[in-house]
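Work through the following exercises with the sequence and the model at hand. Try each task before reading its solution.

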Amino acid sequence: MNIRGFIFDLDGVIVDTAKYHYLAWKNLANELGFEFTHEQNELFKGVSRKRCLEILLDIGGITATQEQFDRWMVEKNIDYLAYIEKMDKSEILPDVPKVLDFLRDENIPIALGSASKNAKAILEKVELLPYFDALVDGNNVTKAKPDPEVFLIGAKQLGVAPEHCVVFEDAVAGIQAANNAHMLSIGIGDKKILSEADYNFSDFTEINIDFLKQLISE
Ligand code: B16
Ligand code: MG
């Protein structure tokens with residue numbers, strides 16, 4: 001399929017940071033006097049921090065001043081970073097290193113395409129940063145997924161045409177962003193939810209080396 005560049009989302013693909021986002025948002029919701037459930041947390045996956053807070057305040061029926069909004073964004077992130085601080089490589093999702101090692105051995109460039117502004121710190125904590133040739137995260141993009149911007153910048157930084165890139169994503173908006181970028185999209189997670197993906201796998205244990213070889217073969 002002549003794939004020359006691999007782009008990975010972070011949360012839900014490389015590590016499960018959603019559980020820490022959940023705890024930090026829940027702490028904030030409780031402090032503001034309402035509950036925040038696991039089901040509601042699903043709405044937050046792949047969504048920017050600012051948009052998450054807007055949705056959270058909607059759930060709680062709270063109208064915030066700009067000053068409060070900014071303060072709660074900072075508070076949530078400080079709380080979240082305390083969880084991130086304790087992460088180590090045991091939190092890498094199963095068989096992700098298998099895929100990254102294969103790509104490194106084949107000299108295929110690798111990029112991160114994440115909405116998180118904490119992406120670099122997380123990759124450092126789990127000791128995967130050296131694998132990445134390009135990092136595109138919440139600090140570099142102006143338009144959120146499903147806009148293709150994050151992945152197009154990633155492809156550009158890798159020096160690979162979008163048509164020769166593949167994206168691994170766990171969020172519907174992420175799959176749509178990859179499709180909008182004219183890249184091959186691979187859904188990691190529930191096939192029913194990620195039905196717009198070109199290929200679907202529950203996780204990386206289902207992706208074998210033969211499939212990867214097929215992707216990079218001319
Ligand atoms: P931060 P991804 C996303 O990561 C998360 O899924 C989403 O829940 C979070 O709000 C967003 O990053 C921003 O994260 O607060 O660290 O900037 O899936 O795009 O890697
Ligand atoms: Mg994700």
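A polar contact is a pair of N or O atoms within 3.5 Å; within protein, one must be able to donate a hydrogen and the other to accept it, and residues adjacent in sequence count only if both atoms are side-chain atoms. This is a predicted model, in which local features need pLDDT of at least 70 and side-chain atom pairs count only at pLDDT 80 or more, while totals for chains, interfaces and linings use all residues. Residues are numbered from 1 along each chain as written, ligands are numbered from 1 in the order in which they are written, and side-chain values use heavy atoms, without hydrogens and water.

**Exercise 1.** Find which side chains have a polar atom close to an oxygen atom of ligand 1, beginning with Ser116.

*Solution.* Start at Ser116, where a polar side-chain atom lies 2.6 Å from a ligand 1 oxygen. Next, the side chain of Asp11 has an N or O atom 2.7 Å from an oxygen of ligand 1, and for the side chain of Asn118 the distance to a ligand oxygen is 2.7 Å. The protein covers 99% of the 480 Å² of accessible area that ligand 1 has on its own (Shrake-Rupley method, 1.4 Å probe).

**Exercise 2.** Identify the protein donors of the magnesium ion (ligand 2), and decide whether Asp9 is buried or exposed.

*Solution.* Donors are N, O and S atoms within 2.8 Å of the metal (3.2 Å for Na, K and Ca), and water is not among the atoms, so sites may look incomplete. Here Asp9 (OD), Asp11 (O) and Asp170 (OD) lie 2.0 to 2.2 Å from the ion, with the sequence spacing D-x1-D-x158-D. Asp9 counts as buried because its relative accessibility is 5%, where buried means under 20%, exposed over 50% and partly exposed in between (1.4 Å probe, protein chains only).
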